[in-house]
Amino acid sequence: SLAAANNLEAPASATTELGSPHQARRHHILPPHSPPSSSMPPPEREMAPAIGSRQLTVLREFRPHGLAAEEADGGGPEARPLQDYDYFLFDPSVAASPAPAPEDEAASSSVADGDHELFIRGNRIIWSTGSRVHKRYASPNTVIMACWCRMEALSDALLCVLQVDTLSIYDVTGEVVSIPLPYAVSSIWSLPFGILLQKSSDGGRMVSSSSSLLNARDLTRPNKEFGLNYNVACQAQTPESANKSDGTIISSHLILKHPLEVPQATYFEERSRLSMMKDFDEKTIWTSDRIPLMASYHKGKFQHSVWQVDGATYQEAMDDNAMLSIPRDISQHKFAFRKIWQGKCSQSAANK
């Protein structure tokens, strides 16, 4: 600025990079032999605009792409479900295959720009990018929540859809495995190695319905029907048998690490010992699908907590729960929450 005011060429040494404090300050040039004017503000009071700042203009209120897809499907507003809709945006890499086939690379690169969207209304889900619809999903019952996740031993992303008594897991081709839930689940959350199931306040009791307590005949259908090249086998349990088998009815938080396994009970670490996690008021409000962290809020304690999810061996997990006879052949690997931070005196839960 000084060189430009005097029509001089600035020396190379005077060049500063973006963000330098010397570039942000505006210098005042005084006429030769002229005393400073008392009315002139000091240099430090007149600053250039903040480096890197920019003004944003609101074009219009964002409208979910799923609404346009519904309209394109035909029919007026009376033909659409009466339920309110929900949606969320995600990076396309979340649902991308680690190593797409050569014939799929061109298609995947053409839609890699911009956010993808999952639009949820009633029992329908629309996966879209702008005006392009990738997939449409229809569930037997109303969708409570949906999220993408990755599970152990499976490279592709999975779309997990929670319904009132069923967890449906879709692969990217649309094939599905349905897992009956004999307990009430309020929300599902993605973790690096599977999915976390948050049970509702009354989740400690069994849910009796035609779809949650299916017969073995209904759950051992041919693998072509379920699509993931596996048979789904599960047997209906009574509360007594469930308590004796794996403690999933008692635990308030469950983790599913493979679509063909049953959800596992979780534990929490306290004074270097593990106890079963069975606090139904510890509500999950955020998880990470990249690092094993969970944030929760306890409305009774007015407290936020951040937990690290660690692995625990069978013997450690059962030291404080000897009354639960868990066979060793079910799983040697258990999951435990270890609290790494907490903050009190919050009247409501933090948002995402």
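This briefing covers the overall make-up of the protein, its sheets and hairpin, its cysteines, one buried histidine and two residues with positive phi.

The model is a predicted one, and its secondary structure comes to eight helices and 17 strands. Of the 352 residues of the protein, 37% count as buried, while the accessible surface comes to about 20,800 Å², of which 53% belongs to carbon and sulfur atoms. Among contacts in the protein with a separation of 6 or more, 56% are made by residues 24 or more positions apart.

**The open sheet β5 to β8**

- Four strands make up an open sheet in the order β5-β6-β7-β8, and the pairing within the sheet is antiparallel.
- The edges of this sheet are formed by β5 (145-149) and β8 (176-180), each of which pairs on one side only, and the twist from one strand to the next averages 20°.
- Strand β6, which spans residues 158-162, pairs with β5 in the antiparallel sense over five bridges, and within this pairing L162 of β6 is the bridge partner of M145.

**The hairpin of β9 and β10**

- Strand β9 covers residues 185-191, and six of its seven residues are buried, so the strand is largely enclosed by the rest of the structure.
- Strands β9 and β10 (residues 194-199) run antiparallel and are joined by six bridges, one of which can be located by residue, since the bridge partner of S187 in β10 is Q198.
- The connection from β9 to β10 is a hairpin that passes through two residues.

**Cysteines without disulfides**

- With a disulfide taken as a pair of cysteine sulfur atoms within 2.5 Å, the count of disulfides in the model comes to zero.
- C147 is in no disulfide, and the nearest cysteine sulfur to C147, that of C160, is 5.2 Å away; C147 is itself buried, with a relative accessible area of 10%.
- C160 is likewise in no disulfide, its nearest cysteine sulfur being that of C149 at 3.2 Å, and C160 counts as buried at 0% relative accessibility.

**H298 at the end of β15**

- H298 is found in strand β15, which runs over residues 293-298, and at 6% relative accessibility this histidine counts as buried.
- The side chain of H298 reaches two backbone nitrogens further along the chain: that of G300 at 3.2 Å, and that of K301, which lies 3.1 Å from a polar atom of the histidine side chain.
- Leaving aside residues up to four places away in sequence, H298 touches D279, D281, E282 and Q303.

**Positive phi outside glycine**

- R271 has a positive phi of about 55° although it is not a glycine, and this arginine lies in the loop between β12 (264-270) and β13 (273-276).
- With a relative accessibility of 73%, R271 counts as exposed.
- F302, also not a glycine, has a positive phi of about 50°, and its place is in the loop between β15 and β16 (303-313).
- The relative accessible area of F302 is 37%, and this phenylalanine is therefore classed as partly exposed.

Notes:
Residues numbered from 1 in each chain as written. Predicted model: local features only at pLDDT ≥ 70, side-chain atom pairs only at ≥ 80, totals over all residues. Heavy atoms only, no water. Buried < 20%, exposed > 50% of the residue type's maximum accessible area, 1.4 Å probe, protein only. Polar contact = N/O pair within 3.5 Å; in protein donor to acceptor, adjacent residues only side chain to side chain. Contact = heavy atoms within 4.5 Å. Pairing = 2+ DSSP bridges. Axes fitted to C-alpha atoms, helices over the stretch in contact; angles between N-to-C directions. Areas by Shrake-Rupley, 256 points an atom, 1.4 Å probe, with all protein chains shown as cover.
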